[in-house]
Amino acid sequence: GAEVKRAPGIDLSHHLSDLSKARQTSPLKGLQKYLGHPNLINLAGGLPHPDYFPYSRVSADALVPSSFATSRESSLSWLWNLFSGDKSTSLTVPRYPAKDGDINLAQALQYGLARGMPQIQDFIRRFTAEVYQPAYDNWATLINSGNTDGWCRAALTLCNPGEGIFAAEWTYPSAKATVIPLGVRMVPLPMDIQGIRSDKFREILATWDDKSRNMSRPHVLYTIPIGQNPTGGTMSAPRKQEIYNICVEFDIIIVEDDPYYFLQHGQYLPKASRGKSKEIQNDKWYSTLEPSYLAFDVQGRVIRLDSFSKVIAPGCRLGWFTCNPLFAERLERQGETSLQAPCGFSQALVTSLLLNWKDEGYTRWLRGLQAQYISRRDFFVDCLLDTFHFTPVTVADEKSLWDGGVIYQAFREKSGNRSPVLSFVPPTSGMFVWLKVHFETHPLYEFHGQEALETKLWLKLAESGVLFGPGVMFSASEPEDTTAINDGHMRVSFSNEEFDKMKTAVEIFKSTLDHFYDEKR
Ligand code: PMP
Ligand code: PLP
């Protein structure tokens, strides 16, 4: 549809790092204005002739958009698979286009497309406008090689060595690994089930003291608002608005790393109370999803990172930035001297898939994926509830991630004492369940301490053939920070294994945990 007219963003150039400011405009940029000229004889670049590319055509068989059902019920039904599975569509990318505007290898495999092939640029721009609806006028999009590349470029563009970046106290380890060697530390923010707490964030900002913190107040927030990695939480629109307002007040740039946006599941309902899922029409579907930070971004202070990794395939290495034009220009300059452009094969195949499916088909595909992950979430949580004897418990503990919420808690009875062993809240988006293990009730807690027990349990599980993500890996705090809340956790993914294997894993986890709590030394 037509884009709504909005006001332009504000000048945020004071957020650029020294490194980013020092990046030169590409020496070839001056040549660019001549490139469109129809009779131009271009002898300026070091371009190989496309006749010498050894690929004369690339073709692929791809699935159709309706390959997966849009409801939980039919996605599990064998009938669906019988009638809808195994349909495919053929994609062909020739070396030279049959008509102007066709995707072709001569262009896709050539130099000169730091912003990506025009067809994928158009798709990204249109998709962003329709789905995320940025709240200012002059937003820009720029292709990249996925959110790992996106975050690395954003961090280098915004941060100088010695600075800090705010992040949720539990966060994606690779995001931390990106900034540590740059001499940039993460500053953990307390969270609840929705993610970063706005009240605590404001308090930390308002009372920031450079001396005692040993750094100036960070001006960047890294956040995973949907399918929060590792906690599986989903940030609602009101919380995003609160955090956005705080970022305006304290002049903070928000980097929204959002690869799980379309894997929003909604609340988990136990098997017995699960009704038939409601069928939603394609054109209404996007409005059922929690909005992006872009929808609140009247100033242009959000750098949104989108990735095709979780919705097409990670090996495509394709994603994009949505941000203000000044940041986009600096991010592009940075890309020119490292990535140049995402892989041409990948762009050609993903773009021809999207054009073959059309916008409508891509939406249908995303809805099918959403239903698949909902089935997986439901199945995995069902397994946990069937295997452990969980009781719903209301948490009233300021320090808990789940303060004020209802959790499932499993207890252990020992000589008349009842103590919690395991707690969790079913995830509402993404790929993970975040299990809290109550090591403080382990008989050897005083002796070993929490972190050693976590490692011990993790190793025992690994030796029993089940690999979880050890909780400590996801801490945004520095290892030497003694004030950090370091409850014991395991991050368990339900995205990738076969259903029967997930069930077996939960059973092994139960018996391993039972033995573990009986240990005397
Ligand atoms: N180094 C030199 C000396 C070059 O001439 C070129 C290509 N013009 C490059 C690097 C860029 O190489 P690539 O396409 O592998 O990034
Ligand atoms: N950001 C988060 C929060 C992730 O969980 C992941 C993948 O696990 C990534 C980024 C990596 O994304 P990409 O494949 O787009 O680099």
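Which residues surround ligand 2?

**View 1. The shell around ligand 2.** Ligand 2 has G146, N147, T148, Y172, I224, N229, D257, P259, S307, S309, P314 and G319 around it; a residue counts as near a molecule if its C-beta atom, placed from the backbone, lies within 6 Å of it. By class, the shell splits into 4 nonpolar, 7 polar and 1 charged. Here Ala, Val, Leu, Ile, Met, Phe, Trp, Tyr, Cys and Pro count as nonpolar, Asp, Glu, Lys and Arg as charged, and the others, Gly among them, as polar. A note for every view: this is a predicted model, where local features need pLDDT of at least 70 and side-chain atom pairs count only at pLDDT 80 or more, while totals for chains, interfaces and linings use all residues. Residues are numbered from 1 along each chain as its sequence is written, and chains are lettered from A and ligands numbered from 1 in the order in which they are written.

**View 2. Where domain 1 meets domain 2.** Domain 1 covers 65-372 and domain 2 covers 377-517, with bounds from an automatic or database domain assignment. Their C-alpha centres are 28 Å apart. Across the boundary, 32 residues of domain 1 are in contact with 29 residues of domain 2, contact being C-beta atoms, placed from the backbone, within 7 Å. On the domain 1 side, β4 (164-168), α7 (173-179), β5 (185-189) and β6 (191-192) each chip in at least two residues; helices (H or I, at least four residues) and strands (E, at least two) are DSSP runs, numbered from the N terminus. The largest share, 3 residues, comes from β5. That side of domain 1 is made up of 14 nonpolar, 12 polar and 6 charged residues.

**View 3. Strand β5 and its neighbours.** All told, 5 of the 5 residues of β5 are buried, meaning 20 or more other C-beta atoms lie within 10 Å of a residue's own (exposed is 12 or fewer, partly exposed is in between, and C-beta atoms are placed from the backbone). R185, V187 and L189 point one way, M186 and P188 the other. That fits the usual pattern: in a regular strand, side chains alternate between the two faces of the sheet. β5 pairs with β4 in the parallel sense over 5 bridges, where pairing takes at least two DSSP bridges. G164 sits opposite R185.

**View 4. The open end at β12.** None of the strand's residues is buried (0 of 5, residues 390-394), so β12 lies largely in the open. β12 runs antiparallel to β13 (residues 406-414), with 5 bridges between them. Look for V393 opposite I407 and P392 bridged to Y408. Both strands belong to an open, antiparallel sheet of 6 strands, ordered β12-β13-β14-β15-β17-β16. β12 and β16 (469-470) are the edge strands, each pairing on one side only.

**View 5. Backbone oddities in three loops.** Most residues other than glycine have a negative phi, and most peptide bonds are trans. The N229 to P230 bond is cis, with omega near 20°, and P230 is in the loop between β8 (220-223) and α10 (237-249). Q133 has a positive phi near 45° in the loop between α5 and β3 (140-144). Q340, with a positive phi of about 65°, is in the loop between α12 (325-336) and α13 (344-387). Q340 is exposed, because just 11 other C-beta atoms lie within 10 Å, whereas Q133 is partly exposed, with 16.

Methods: Two residues are in contact if their C-beta atoms, placed from the backbone, lie within 7 Å.
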